[in-house]
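User: I would like to learn how to read a ligand site and its setting in a model. Could you take me through it step by step?

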Amino acid sequence: MASTLSTKHVLGIKHLLKEDIELIMETASYFKEVINRPIKKVPSLRDITIANLFFENSTRTRISFELAEKRLSADVINFSASASSVKKGETLLDTVQNILSMKVDMVVMRHPLQGAPYFLAKNIDANIVNAGDGTHEHPTQALLDLYSMQEKIGEVAGKNIAIIGDIRHSRVALSNIFCLTKMGANVRLCGPPTLIPKNIGSLGVEVSNDIKSTLEWADVANILRIQLERQSVKYFPSLREYSLYYGVNRKLLDSLDNEVVIMHPGPMNRGVEISSDVADSQQSIILHQVENGVAVRMAILYLLASRKEG
Ligand code: CP
């Protein structure tokens with residue numbers, strides 16, 4: 001097992017080694033135990049300042065990072081583009097350099113443009129964690145998804161993991177594909193042909209347009225949100241039709257002989273890609289994913305800071 005991350009930044013899963021992922025999982029297990037203690041705070045990041053720069057909306061990722069940072073005793077700055085001088089025309093680089101001149105050590109950034117955190121990494125000295133860049137990658141989501149799968153079904157190597165829904169517009173899908181294939185899982189993507197990029201099989205995944213046979217095959221189904229806000233043209237006739245053919249509901253799950261673990265990164269469109277009785281069922285680990293997100297993000301920040309000191 002490696003003792004440090006191979007990389008100064010966590011920009012995407014594509015550039016992480018399998019050993020990095022294993023180290024993050026092991027460290028997250030330690031922090032999961034910590035955050036279940038009566039005293040949840042540890043001094044690991046005392047004197048480290050972290051800026052959370054959110055140029056796009058977020059509920060789970062933003063709160064989870066802030067909680068992770070506070071549990072590690074870091075000093076935290078929260079920046080929201082909608083209430084900033086970005087609205088007056090300031091560039092990304094100027095915004096970040098101004099924040100860094102106040103002696104910030106790490107940057108957690110969500111941005112609507114693919115590659116924005118890579119651009120920053122080339123231009124500034126702080127450690128950067130990508131909290132989601134456009135339709136590209138969402139590495140911490142994939143790592144918390146992996147952690148949650150492992151907690152439920154053990155090692156994912158050789159297990160069948162289905163990713164269902166709007167693959168085309170999903171940064172969660174791409175990061176999950178990189179993460180799960182690196183860890184030896186069998187990955188199958190399922191959705192309407194219009195929502196699955198044509199050449200995606202080259203990433204070592206299977207593709208299916210049939211949800212029932214995919215669920216019969218799967219140990220785990222990670223169900224993705226239909227991202228209407230990113231769809232400039234119509235990819236399917238109506239939400240009602242999508243739900244009819246690709247929605248995961250109780251009737252569909254009851255028609256299977258196997259019991260599939262149900263996941264969703266959130267936010268959910270209840271009644272579209274997932275029905276409420278599935279989302280809230282015993283089969284669902286959706287809220288465990290959210291809980292595990294804090295431990296996984298604590299692990300990432302801790303490992304990046306340790307690397308810096310070392
Ligand atoms: N899963 C996820 O990234 O959710 P938020 O957009 O609420 O952060």
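Analyst: What follows moves from the ligand shell to the domains. This is a predicted model, in which local features need pLDDT of at least 70 and side-chain atom pairs count only at pLDDT 80 or more, while totals for chains, interfaces and linings use all residues. Residues are numbered from 1 along each chain as its sequence is written, and side-chain values use heavy atoms, with hydrogens and water left out.

User: Which residues surround the ligand?

Analyst: A residue is near a molecule if one of its heavy atoms lies within 4 Å of it. Here the ligand is surrounded by S58, T59, R60, T61, R110, H138, Q141, P265 and G266.

User: Which polar side-chain atom lies 2.8 Å from an oxygen atom of the ligand?

Analyst: A polar contact is a pair of N or O atoms within 3.5 Å. The atom in question belongs to H138, whereas Q141 places a polar side-chain atom 3.1 Å from a ligand nitrogen, and a polar backbone atom of G266 is 3.1 Å from a nitrogen atom of the ligand.

User: Where does the ligand lie with respect to the domains?

Analyst: Domain bounds come from an automatic or database domain assignment, which here gives domain 1 (13-138 + 290-309) and domain 2 (139-286). Both domains give residues to the shell around the ligand, so the ligand lies between them. Taken over C-alpha atoms, the centres of domain 1 and domain 2 are 26 Å apart. With contact meaning heavy atoms within 4.5 Å, 31 residues of domain 1 touch 26 residues of domain 2.

Conventions: Polar contact = N/O pair within 3.5 Å; in protein donor to acceptor, adjacent residues only side chain to side chain.
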